[in-house]
Amino acid sequence: MSDDSNKIPRHIAIIMDGNGRWASKRLLPRAVGHERGTKTVQRVIDLCIEHKVEWLTLYAFSTENWGRSEKEVKALMSLLKKYLRDRLSEMMEKNARMHAIGELHMLPEECRDIINETIEATKHNSAINVVLALSYGSRQEIAHAARQLAMQVAAGELKPEDIDETMLSQQLYTAGMPDPDLLIRTSGEMRLSNYLLWQISYAEMHVTPTLWPDFGREDFVAAINDYASRKRRFGKR
Ligand code: IPE
Ligand code: IPE
Ligand code: MG
């Protein structure tokens, strides 16, 4: 007997890549590519709701992305502000809940404020959980978790031999969230770029050559179908 409920990933994580290439192909500034990328975000949230995907985690800005030009970083930060401000009513309408993971203290104060407002305003929404990874780096996240546990040990609240996987998971920014079932990367790059290294241990991977601004319904359905065709074994037979 087949159980179709297993065929839809409960949690999709996406590395939204290719905005810059999309823009340079058209001789446009990179910021235009990022702007178009935000339209794809809205489209993909709608597709997830339609397919009853419960969690969607989007890599929006990595720790390493701080190393881009000041101009591009500024453009990305103002786009983030604009996106959250413009889309709040739509998120409420669609019953979408927002979360954020990453070194949020690194973000400009105005961005942090609007992120916190959006998280607070959407906290009772339940159609989908949208997690924005901002100033996010997986190694930094794991190092942070290790520091938290070390402090508890130093304070005498925890014994080193009691530290297990669950305890470490609970110190990650993703504490309380299910692990991703499907990881999608757009624009063809076969790498993880410091994204959710701990959490995607058993995620299925789908890489598409489509650039993020062009990612549409067909690409989404192809990713879902690819996932449904996989046999997940989790190390067992
Ligand atoms: C992804 O697009 C968005 C961010 C990293 C913020 P890129 O800006 O990496 O686009 P490419 O990879 O240069 O095409
Ligand atoms: C990963 O893409 C980060 C985001 C999508 C936000 P990058 O374009 O920064 O990654 P690399 O440089 O190709 O590894
Ligand atoms: Mg890129």
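These are my notebook entries on the two ligands, the pocket and the cavities of this structure.

**Entry 1: the model**

I began by noting that the structure is a predicted model, and I kept that in mind for each entry below.

**Entry 2: the largest pocket**

I looked up the largest pocket before turning to the ligands, and I found that about 720 Å³ of space lies in this pocket. Its lining is made up of 33 residues, and I wrote down Met16, Tyr59, Ala60, Phe61 and Asn65 as those that lie nearest the centre of the pocket. Which helices and strands each supply at least two residues of this lining? I listed helix 1, helix 2, strand 2, helix 3 and strand 4, the last of these spanning residues 128–136. When I sorted the lining of the largest pocket by class, I had 15 nonpolar, 10 polar and 8 charged residues.

**Entry 3: ligand 1**

I then asked where ligand 1 sits. Ligand 1 is placed in the largest pocket, and I counted 13 residues around this ligand, of which Asp17, Gly20, Arg21, Arg30 and Arg68 come nearest. Sorted by class, the shell around ligand 1 holds 3 nonpolar, 5 polar and 5 charged residues.

I next checked which elements contribute to this shell, and I found that helix 1 (residues 19–25), helix 2 (residues 30–50) and helix 3 (residues 70–93) each supply at least two residues. Helix 1 gives the most to the shell around ligand 1, with 3 residues.

For the polar contacts of ligand 1 I noted three distances, each to an oxygen atom of the ligand. A side-chain N or O atom of Arg68 lies 2.7 Å from such an oxygen, a polar side-chain atom of Arg30 lies 2.9 Å from one, and for Gly18 a backbone N or O atom lies 3.4 Å from one. Ligand 1 on its own has 380 Å² of accessible area, and I recorded that the protein covers 87% of that area.

**Entry 4: ligand 2**

I repeated the search for ligand 2, which also sits in the largest pocket. The residues that I found around ligand 2 are Ile15, Met16, Asp17, Tyr59, Ala60, Phe61, Asn65, Arg68, Arg185, Arg191 and Ser193. By class I divided this shell into 5 nonpolar, 2 polar and 4 charged residues.

Which element gives the most to the shell around ligand 2? I found that strand 2, which runs over residues 55–62, gives the most, with 3 residues.

I then looked up the side-chain contacts of ligand 2, again with its oxygen atoms. A polar side-chain atom of Ser193 lies 2.6 Å from an oxygen of the ligand, while side-chain N or O atoms of Arg68 and of Arg185 are each 3.3 Å from an oxygen of ligand 2. Taken alone, ligand 2 exposes 390 Å², and the protein buries 78% of this area. I also marked Arg68 in my notes as a residue with a side-chain contact to ligand 1 and to ligand 2.

**Entry 5: the largest cavity**

I went on to search the whole structure for cavities of 30 Å³ or more, and the search gave 2 of them. The largest cavity has a volume of about 50 Å³. I wrote down His11, Thr57, Thr174, Met177, Pro178, Asp179, Pro180, Leu196 and Gln199 as the residues that line this cavity, and by class they divide into 4 nonpolar, 4 polar and 1 charged.

**Entry 6: the second largest cavity**

I closed with the second largest cavity, for which I noted a volume of about 30 Å³. Which residues line the second largest cavity? I found Val41, Ile45, Tyr83, Met91, Val130 and Leu132 in the lining, and helix 2, helix 3 and strand 4 each supply at least two residues of it. By class I entered 6 nonpolar residues for the lining of the second largest cavity, with no polar and no charged residues.

Key
Residues numbered from 1 in each chain as written. Chains lettered and ligands numbered in written order. Predicted model: local features only at pLDDT ≥ 70, side-chain atom pairs only at ≥ 80, totals over all residues. Heavy atoms only, no water. Near = heavy atom within 4 Å. Polar contact = N/O pair within 3.5 Å; in protein donor to acceptor, adjacent residues only side chain to side chain. Areas by Shrake-Rupley, 256 points an atom, 1.4 Å probe, with all protein chains shown as cover. 1 Å grid on protein atoms, 1.4 Å probe; cavity = no way out; pocket = protein on both sides within 12 Å on 5 of 7 lines; lining within 4 Å. Sits in = over half its atoms within 2 Å of the grid points. Helix = DSSP H or I, 4+ residues; strand = E, 2+ residues; numbered from the N terminus. Nonpolar A, V, L, I, M, F, W, Y, C, P; charged D, E, K, R; others polar. Points joined across faces, edges and corners; volume = space filled by probe spheres on them.
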